[in-house]
Amino acid sequence: MRKWLPLVAVCLGTFMLLVDVTIVVVALPDMAESLRTSFADLQWVMDIYALALAALLLGVGSLADRIGHRQVYVAGLVLFALASLACGLATGPQALIVFRGVQGIGGAAMLATTTALISSIYHGRDRGVAFGAWGAVSGAASAAGPIMGGLLTEHLDWRWIFFVNLPISVLAIVMTLRFVAAAPPRRGRGVDLPGLASFTVAAGAATYALIKGNDYGWTSAATLGLFGLAAVALIAFLLIETRREQPLLDLSLFRGASFSGLMVAAVLLSVAAFSYLAYTSLWLQSVRGMGPVAAGLTCLPMSAAAFVVASLAGRFLHDVSPRWTIGAGLLLIGAGAFLQATVDAGSTWTVLVPGLAVTGIGVGIATPTLASAAMASVAPERGGMASGAVNTARQLGNALGIAVLGVVFHAGLAGALRDHGAGAVADPSATADALAGGQAGAVVAHAAPAQRDLLGQLVHEAFAAGLRQTFLVSGALGILGGLVALALVRRPAKPAAARPPQASRSAAEPAPAAAAGRG
């Protein structure tokens with residue numbers, strides 16, 4: 001059993017950093033009340049973490065190649081723990097958002113090195129088992145976040161969703177230092193700082209524009225300026241990467257249709273499977289009156305299905321072409337979102353259960369294959385960069401997905417209020433802002449007594465309309481991702497049968513320097 005202790009150390013960090021992508025979902029209403037801010041403003045508590053992961057994964061992976069993967073993983077754990085403590089002690093929304101960003105930097109250092117560590121430690125059949133276990137943990141972690149967040153928020157306090165990271169981080173640090181050997185660093189690859197800066201500006205400006213578009217106005221100078229900045233930064237990133245000898249992301253990788261398909265699938269998986277959970281939680285708590293625990297446990301069908309299926313997929317589907325596992329997984333994710341789109345004004349939480357279970361099955365099938373398929377679709381010396389690109393795409397998809405689906409959700413709320421709120425709602429857009437900010441109870445309470453029943457029914461109808469649109473868009477994106485994977489992703493070519501055993505093994509089991517790099 002001792003040989004699996006390094007895997008436990010790596011999976012502890014992986015689980016913790018991925019849980020923290022969604023653990024705040026059910027705690028946001030309590031955070032908003034405690035910090036005297038709005039649910040909408042606290043979108044950045046979710047988005048800044050995912051953005052930091054997405055923006056820094058490739059750059060931190062390059063740094064890890066130079067100074068050592070174990071060193072960077074441990075440094076990430078330390079920074080993650082300190083930032084978690086600061087988040088838990090934050091007394092205002094600005095401080096919380098800043099420290100969540102720092103927490104994301106630590107998470108990036110951890111996620112950028114996990115698959116590299118596994119590749120360097122395990123070989124042959126053990127490597128397949130290790131990646132299967134890592135895939136199961138990764139598949140279940142994001143879905144488990146709302147459950148853990150609900151339990152901690154309701155029975156302790158929202159601050160404990162951050163404090164709980166401290167003992168886990170200490171255990172992971174001790175186990176890593178004790179059981180994971182430090183591999184010698186590789187030289188010759190620097191960190192592409194201009195590429196890192198331009199990519200970060202592009203992702204951050206686009207996300208900020210999407211989140212603030214309703215407030216500023218979609219045709220306002222501020223919104224158009226932010227989108228323009230994002231476009232200029234993206235063009236700059238592409239130009240920089242084509243001219244760098246050692247780029248952050250080698251754009252030639254996208255010449256392969258399979259790699260391009262995997263990147264699209266990675267982005268759309270996160271959007272379709274997880275980004276709507278924040279708005280589901282808002283409906284469950286502010287309209288259906290559920291507590292954080294009950295709202296979090298609503299995600300149990302997804303979490304359980306993802307964990308069980310990912311565990312089985314790692315063992316029994318490793319010989320199946322990634323075209324089928326990723327494609328089928330995304331189609332199931334899309335189908336799960338469509339099933340949830342049956343919500344109406346009279347629905348309770350049970351309407352979500354079938355769709356969440358189907359989504360969890362899709363996540364469990366697709367997630368374990370994404371990174372390994374990306375590594376296998378390119379030359380061995382680019383395997384680490386390819387794996388890092390997949391994780392970057394997933395986290396960027398989650399950050400942009402929360403913002404995009406927030407726009408869709410708000411539009412659904414405002415549309416329903418305009419269509420059905422004549423005489424009860426004077427300003428549908430302002431009322432939609434209040435509802436999206438978690439103020440459903442206040443909206444009804446501040447109405448004239450004679451209109452409260454009517455307005456209460458209207459709030460239920462507006463939320464149902466907003467969620468339906470959100471689920472429909474999520475489902476369409478999941479189906480699109482599945483079709484792209486089926487059309488473009490292919491099984492990598494197998495080594496020639498004539499190769500001697502040693503060469504065949506090298507091709508199937510890339511050396512740590514080739515397979516490692518970005519997690």
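Ala, Val, Leu, Ile, Met, Phe, Trp, Tyr, Cys and Pro count as nonpolar here, Asp, Glu, Lys and Arg count as charged, and the others, Gly among them, as polar. With those classes in hand, let us walk through this predicted model, starting with a pocket.

The second largest pocket holds about 660 Å³ of space. It is lined by 30 residues, and those closest to its centre are Phe199, Val267, Ala393, Leu396 and Leu400. Sorted by class, the lining has 27 nonpolar residues and three polar ones, with no charged residues. Several helices take part in building this lining: H3 (43–67), H10 (193–216), H11 (221–243), H12 (257–274) and H18 (383–420) each give at least two residues. The largest share belongs to H18, which supplies eight residues.

Helix H18 also leads us to our next stop, the cavities. Searching the whole structure turns up five cavities of 30 Å³ or more. In the largest cavity there is about 70 Å³ of space. Its lining is made by Leu18, Leu111, Trp134, Ser138, Thr367, Leu370, Ala371, Val390, Asn391 and Arg394. Here H18 is joined by helix H7 (124–155) and helix H17 (353–376), each of the three giving at least two residues to the lining. By class, the residues around the largest cavity are six nonpolar, three polar and one charged.

Now let us turn to the beginning of the chain. Trp4 sits in the segment before H1. Leaving aside residues up to four places away in sequence, Trp4 touches Tyr122, Asp126, Val129 and Ala130. Trp4 and Ile121 lie 117 residues apart in sequence, yet their C-alpha atoms are 9.8 Å apart in space.

Ile121 belongs to helix H6, where it takes part in a meeting with helix H1. The axes of H1 (residues 5–22) and H6 (residues 114–121) come within 10 Å and cross at roughly 170°. Angles over 145 degrees count as roughly antiparallel, and H1 and H6 are therefore roughly antiparallel to each other. On the H1 side, the contact is made by Pro6, Leu7, Val10 and Thr14, which meet Thr114, Leu117, Ile118 and Ile121 of H6. Six nonpolar and two polar residues make up this contact, and no charged ones.

Finally, how confident is the predictor, and where does its confidence vary? The mean pLDDT of the chain is 80, with 83% of the residues reaching 70 or more. Among the elements of the chain, helix H16 (residues 322–340) has the highest mean pLDDT, at 93, while helix H23 (residues 512–515) has the lowest, at 34. Across residues 495–519 the pLDDT is below 50, and this stretch has 52 contacts in the model beyond near neighbours in sequence.

How values were computed:
Residues are numbered from 1 along each chain as its sequence is written. This is a predicted model: local features need pLDDT of at least 70, side-chain atom pairs count only at pLDDT 80 or more; totals for chains, interfaces and linings use all residues. Side-chain values use heavy atoms; hydrogens and water are left out. Axes are lines fitted to C-alpha atoms, for helices over the stretch in contact, and angles run from 0 to 180 degrees between N-to-C directions. Helices (H or I, at least four residues) and strands (E, at least two) are DSSP runs, numbered from the N terminus. Angles under 35 degrees count as roughly parallel, over 145 as roughly antiparallel, 65 to 115 as roughly perpendicular and the rest as oblique. Contact means heavy atoms within 4.5 Å. On a 1 Å grid over the protein atoms alone, a cavity is a set of points where a 1.4 Å probe fits but cannot get out, and a pocket is an open set with protein on both sides within 12 Å along at least five of seven lines; lining residues have an atom within 4 Å of a point. Grid points are joined across faces, edges and corners, and a volume is the space filled by probe spheres set on the points. pLDDT is the predictor's confidence in each residue, from 0 to 100.
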